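Visitor: I've got a few questions about this fold. Can you walk me through it?

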Amino acid sequence: MDEETELFRDEIDEFDSEIFSVKSDAEVSISINASKSLEMYDQPIQYETKKRLHYIRFIEKRIDGGWTQKNIDPLLAQMTSYDNESKPKWRAVAAWYSKFRKSNFCITALIPSHGKKGNRTLKNRSGDYYFNKALEDKYLRKERPSVATTYCYYCDLIRVENRRLVSGAITPLSYTGFNARIKSLEPYDVDLARFGRSYVQKKYKLGNKFAEPTCVMERVEIDHTVLDFTVLMEDNQTVIGRPTITVLVDCYSSCVVGFYVSFNEPSHLSIRAALINTMLSKDDVIKSFSSINADWPCHGKIELLVVDNGVEFWGEALESACKELGINTSYNPVGKPWKKPKVERFFRTLNTEFLDSLPGKNFRSIDAKGDYQPDKEAAISFSLFNELLHKWVIEVYNQKADDRKTRVPIVKWYEGASVYPPIEYIGDDQELLRVKLGVLDTRSISKDGIQFLHLRYDSPELLEYRKYTPVASKRGLKADIKINPHDLSYIYVYLEQQECYLKVPAKDPDGYTIGLTLTQHKVNIKNRRKNVIESQDSVSLAQSRLEIEEMVNQALANKQKQKGMKKLAKYQGIDSNTDHATISMNTSQALPSAEEPENDSNKISTFDWDSDDIEAF
């Protein structure tokens with residue numbers, strides 16, 4: 001990169017670096033200096049050019065001598081007029097031939113130069129300073145003031161300056177001239193200053209965003225969006241809200257190859273469900289909807305998964321699962337949605353064609369919404385919406401030619417799959433796919449099996465594994481497990497010694513876990529805790545805790561930090577066989593006075609300090 005470009009490196013973002021980066025010869029555009037060809041001009045100009053050539057050809061064949069009035073006028077008198085128009089003067093014909101000959105007889109030299117007529121030089125150069133100042137202070141700002149506002153500011157600057165000048169007042173440009181100079185500015189610089197980097201990236205983006213795939217499932221784009229549509233519960237009365245859809249689109253055929261709709265926020269769970277729907281056969285899906293009358297053959301292993309930069313795509317669980325399945329991942333640059341054009345186009349078509357006429361559609365702006373209230377107008381339950389969405393994707397979107405009429409997605413799929421069919425998941429591979437895309441966790445295997453969120457999983461095979469597997473840690477026997485977040489009736493336990501997964505059912509005599517999702521179970525746990533808390537007598541608990549606190553404080557207040565209390569208790573014979581409960585705090589009854597007693601034969605010393613049985617304290 002040259003020195004001049006380096007000076008403005010801070011003005012060049014990721015988009016610009018793509019333009020200035022060194023590429024191979026096949027990717028670099030070649031600049032060819034050439035004038036416009038005749039067919040690129042308007043019809044009147046083409047007509048005038050051909051007329052001039054007609055006169056030149058006629059005279060050229062018959063002229064004897066130079067192209068002078070004496071030689072040209074007789075020839076012009078002989079020929080018939082071109083298309084019944086008046087004939088040109090000899091001087092015009094001579095000028096045309098001169099240009100024609102100097103251009104090595106190129107027809108473009110005869111094109112009229114109407115665009116070069118008139119005074120094209122900029123006027124009033126004395127006010128350039130104020131024009132540039134108005135440009136910088138007003139027009140080239142993020143607030144995007146209008147040309148009229150900028151022109152008013154420009155005129156005000158000149159008026160103030162003219163009051164200061166004694167002579168040589170500055171004449172401002174007219175509004176037309178001012179606007180013309182604005183329009184002559186380089187559009188990239190203007191857009192960058194007024195709209196910002198993201199806008200110019202989209203407006204001046206490169207056409208070739210990625211290498212075109214050569215087969216189906218070679219490149220698949222995935223993304224989420226909240227649908228502009230409100231759905232109801234099955235009673236057709238209760239409003240649920242707007243669902244979120246996760247979609248995968250094949251870049252080779254433009255077919256929707258899988259999707260998942262729920263009311264959860266975008267997460268690994270929704271991505272997992274969408275991937276399973278994408279890569280496994282859709283036969284069961286088709287059978288579940290009696291109204292669908294077309295096939296959905298799109299399935300198989302994904303070679304490259306193009307993901308967004310959402311936090312749900314950066315989790316270790318998704319990355320490790322894709323690595324195990326041999327799926328490469330590519331992260332789309334931030335703020336460049338055009339690098340995922342297939343899925344972005346699907347979202348636009350979904351909102352403008354499918355959701356546009358359904359009752360309960362949402363509008364993007366308050367002005368467009370008007371008096372329309374989606375919650376009140378909503379009339380479609382989620383189950384019906386799910387069927388309608390499947391029918392539209394399978395029978396309409398995948399079957400309809402694109403806007404440029406270059407392909408029909410489902411036809412393109414069949415063409416690509418017939419040449420390079422994708423790897424299919426059949427038999428045990430389907431179960432293995434679900435395992436690989438499960439939610440990973442590590443649990444202990446105890447005598448009661450495996451505990452997960454208050455659910456217990458156990459089987460005779462798991463018991464045998466525990467009996468004959470050495471424990472390598474004091475923490476007990478550990479195992480990695482995979483959870484199917486859409487069915488907690490079983491888990492997959494990885495047996496390290498056997499290097500395989502074991503499907504372990506839940507110990508569930510009541511059938512609670514059948515079809516139970518991870519989200520449902522977490523909500524149930526939360527509600528159960530809430531019910532337990534509400535059922536307890538909070539006032540009595542608080543009173544009891546305060547009483548306990550008072551008793552502890554009283555004990556601390558009476559505590560004697562005196563050395564030897566344990567030895568005193570030993571002396572007093574306090575044990576479980578006596579009625580003593582506490583050690584008397586009145587030590588004066590046990591300890592002799594610090595003063596030397598008077599000689600009294602009737603007084604007996606309490607302690608024998610020379611006794612071998614009693615230690616000093």
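Visitor: Is Thr230 buried or exposed?
Guide: Keep in mind that this is a predicted model. The cut-off for buried is under 20% relative accessible area. Thr230 comes in at 2% relative accessibility, so the residue counts as buried.

Visitor: Where does Thr230 sit, and which residues is it in contact with, leaving aside neighbours within four places in sequence?
Guide: Thr230 is in the loop between S1 and strand S2 (231-232). With neighbours within four places in sequence set aside, its contacts are Val239, Gly241, Arg242, Gly360, Asn362, Pro374, Asp375 and Ala378.

Visitor: And Ala77, is that one buried or exposed?
Guide: Ala77 belongs to helix H4 (residues 69-78). Exposed means over 50% relative accessible area. Ala77 has 61%, so this residue is exposed.

Visitor: How far apart in space are Ala77 and Lys87, C-alpha to C-alpha?
Guide: Along the sequence, Ala77 and Lys87 are 10 residues apart. In space, C-alpha to C-alpha, the separation of Ala77 and Lys87 is 9.0 Å.

Visitor: Let's move on to the sheet. In what order do the five strands come?
Guide: The sheet is open and its pairing is mixed. Its edge strands, each pairing on one side only, are strand S5 (256-262) and strand S7 (328-331). Neighbouring strands are turned by 20° against each other on average, ignoring direction. Reading across, the order is S5-S4-S1-S6-S7.

Visitor: How does S1 run against S4, and which residue in S4 stands opposite Val220?
Guide: Strands of a sheet pair through backbone hydrogen bonds, either parallel or antiparallel. Strand S1 (residues 219-226) and strand S4 (residues 244-250) are joined by seven bridges and run antiparallel. Opposite Val220 in S4 you'll find Asp250.

Visitor: What about S6: which of its residues stands opposite Glu221?
Guide: S1 and strand S6 (residues 304-307) run parallel, joined by three bridges. Opposite Glu221, the residue in S6 is Val306.

Visitor: Why is S1 described as largely enclosed by the rest of the structure?
Guide: Look at burial along the strand, where buried means under 20% relative accessible area. S1 is largely enclosed because, of its eight residues, the number buried is six.

Visitor: Which strands does H17 lie across, and at what angle does it run to S5?
Guide: H17 lies across S4 and S5. Its direction relative to S5 is about 165°.

Visitor: At what angle do H14 and H17 pack?
Guide: Two packed helices are described by the angle between their axes and the distance between the axes. For helix H14 (residues 341-354) and helix H17 (residues 382-397), the axes are 12 Å apart. H14 passes H17 in a right-handed crossing. The packing angle is about 115°.

Visitor: How many residues of the contact of H14 with H17 are nonpolar?
Guide: On the H14 side, the residues include Phe346, Leu350 and Phe354, and on the H17 side they include Leu388, Trp392 and Val393. The contact also has one polar and three charged residues. The nonpolar count is nine.

Visitor: Last one, on the protein chain: what share of its 617 residues is buried?
Guide: The chain's secondary structure comes to 23 helices and 13 strands. It exposes about 39,600 Å², with carbon and sulfur atoms supplying 51% of that. The buried share of the residues is 35%.

Technical notes. Residues numbered from 1 in each chain as written. Predicted model: local features only at pLDDT ≥ 70, side-chain atom pairs only at ≥ 80, totals over all residues. Heavy atoms only, no water. Axes fitted to C-alpha atoms, helices over the stretch in contact; angles between N-to-C directions. Helix = DSSP H or I, 4+ residues; strand = E, 2+ residues; numbered from the N terminus. Left-handed = near helix turned anticlockwise from the far one by under 90°. Contact = heavy atoms within 4.5 Å. Nonpolar A, V, L, I, M, F, W, Y, C, P; charged D, E, K, R; others polar. Pairing = 2+ DSSP bridges. Buried < 20%, exposed > 50% of the residue type's maximum accessible area, 1.4 Å probe, protein only. Areas by Shrake-Rupley, 256 points an atom, 1.4 Å probe, with all protein chains shown as cover.
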